[in-house]
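Here is a small set of exercises to work through with the model open beside you. Try each task before you read the solution.

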Amino acid sequence: GIISADYELVDYRKARFSNASDDYNYSDENQDIQSTFKTTSNLRLGAEVRIKPLYLRAGGGFYGSAFTNDEINKDFNHFSLSGGIGFRHQNFYFDLALVHQAADEKYFMYDDPGYLEASDISNRRNTFTATLGLKF
């Protein structure tokens, strides 16, 4: 078996638009990036157990919000959970996996003139994958 952990620190303030071929200057957009985004942490954990010829897998991830505390989506964290099973025999393999992803955000359809309330959007997505392979 194996247990793994992956941690990353991402500074979204480092994103930049470079000058376009028509000499448009992106200084305002780049300043918006600096004031809107921040450094955040991502953490992924996983485990696999091998019970020949089966492989059982599970994992999870937390992706921190890239928005500063002044932004409406300051709590825009993403979560994921996954599980799977695999079968290996000589040159043949078959894998099944299910991933559940979740995130909640706030959204303004129009610029906020001060009297609008944000919509709460709850995103939930499940992805199922099957893989069949033959090594030759």
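**Exercise 1. Contacts along the chain**

What percentage of the contacts in the protein chain with a separation of 6 or more comes from residues 24 or more positions apart?

Solution. Keep in mind that this is a predicted model. Start with the contacts whose partners have a separation of 6 or more, then pick out those between residues 24 or more positions apart: they account for 51%.

**Exercise 2. The order of the elements**

List the secondary structure elements of the protein chain from the N terminus on.

Solution. Begin with the count, which is 1 helix and 6 strands. Next, walk along the chain from the N terminus: the order is β-α-β-β-β-β-β. The loop between β1 (2-11) and α1 (27-36) holds Asp23. Further on, Pro53 sits in the loop between β2 (39-51) and β3 (54-63), and Gln90 in the loop between β4 (78-89) and β5 (92-107).

**Exercise 3. Overall shape**

How does the radius of gyration of the protein chain compare with that of a compact globule of 136 residues?

Solution. Take the reference first: a compact globule of 136 residues would come out near 14 Å. The protein chain itself has 21 Å. For the extent along the principal axes, the C-alpha atoms fill a box of roughly 60 × 40 × 25 Å. Then turn to burial: buried residues make up 17% of the 136 residues. Finish with the surface, where the accessible area is about 10,200 Å² and carbon and sulfur atoms hold 55% of it.

**Exercise 4. Charges**

How far apart are the mean positions of the positive and negative charges of the protein chain?

Solution. Count the two groups: there are 14 positive and 19 negative charges. Their mean positions lie 16 Å apart.

**Exercise 5. Aromatic pairs**

Classify the ring pair of Tyr24 and Tyr26, then do likewise for Phe67 and Phe76.

Solution. A search of the whole structure gives 6 aromatic pairs. For Tyr24 and Tyr26, the ring centres are 4.7 Å apart and the planes stand at 80°, so this pair is edge-to-face. The cut-off that decides this is an angle over 60 degrees. Phe67 and Phe76 have 6.3 Å centre to centre and 40° between the planes, and their pair is tilted. Now look at how these rings are covered: Tyr24 is partly exposed, at 38% relative accessible area, whereas Phe76 is buried, at 16%. As a last step, follow the ring pairs that involve Phe17, which link Phe17, Tyr24 and Tyr26 into a cluster.

**Exercise 6. Backbone details in the loops**

Which peptide bond is cis, with omega about 5°, and what is the sign of phi at Asp23 and at Gln90?

Solution. The cis bond joins Lys52 and Pro53. For the phi values, go to Asp23, where phi is near 65°, a positive value in a residue other than glycine. Gln90 also has a positive phi, near 50°, and is likewise a residue other than glycine. Check the exposure too: Asp23 is exposed at 67% relative accessibility, and Gln90 is exposed at 73%.

**Exercise 7. Three residues and their partners**

Are Asn73, Thr36 and Ala5 buried or exposed, and what do they touch beyond four places in sequence?

Solution. Use the cut-offs: buried is under 20% relative accessible area, exposed is over 50%.

- Asn73 lies in the loop between β3 and β4. With 11% relative accessibility, Asn73 is buried. Its contacts beyond four places are Ser65, Phe67, Glu105 and Lys106.
- Thr36 belongs to helix α1. At 17% relative accessibility, Thr36 is buried. Its contacts beyond four places are Ala66, Phe67, Thr68 and Glu71.
- Ala5 is part of strand β1. With 64% relative accessible area, Ala5 is exposed. Beyond four places, Ala5 is in contact with Arg44 and Leu45.

To close, locate Gly114, which is 109 residues from Ala5 along the chain: the C-alpha atoms of these two residues are separated by 43 Å.

Key:
Residues are numbered from 1 along each chain as its sequence is written. This is a predicted model: local features need pLDDT of at least 70, side-chain atom pairs count only at pLDDT 80 or more; totals for chains, interfaces and linings use all residues. Side-chain values use heavy atoms; hydrogens and water are left out. Helices (H or I, at least four residues) and strands (E, at least two) are DSSP runs, numbered from the N terminus. The radius of gyration is taken over C-alpha atoms; the globule rule is 2.2 Å times the number of residues to the power 0.38. Buried means under 20% relative accessible area, exposed over 50%, partly exposed in between (1.4 Å probe, protein chains only). Contact means heavy atoms within 4.5 Å. Accessible areas come from the Shrake-Rupley method with a 1.4 Å probe; for residues, only the protein chains shown count as cover. Lys and Arg count as positive and Asp and Glu as negative; His and the chain ends are not counted. The place of a charge is taken as NZ of Lys, CZ of Arg, CG of Asp or CD of Glu. Rings of Phe, Tyr and Trp (its six-membered ring) pair if their centres lie within 6.5 Å; planes under 30 degrees apart count as stacked, over 60 as edge-to-face and the rest as tilted.
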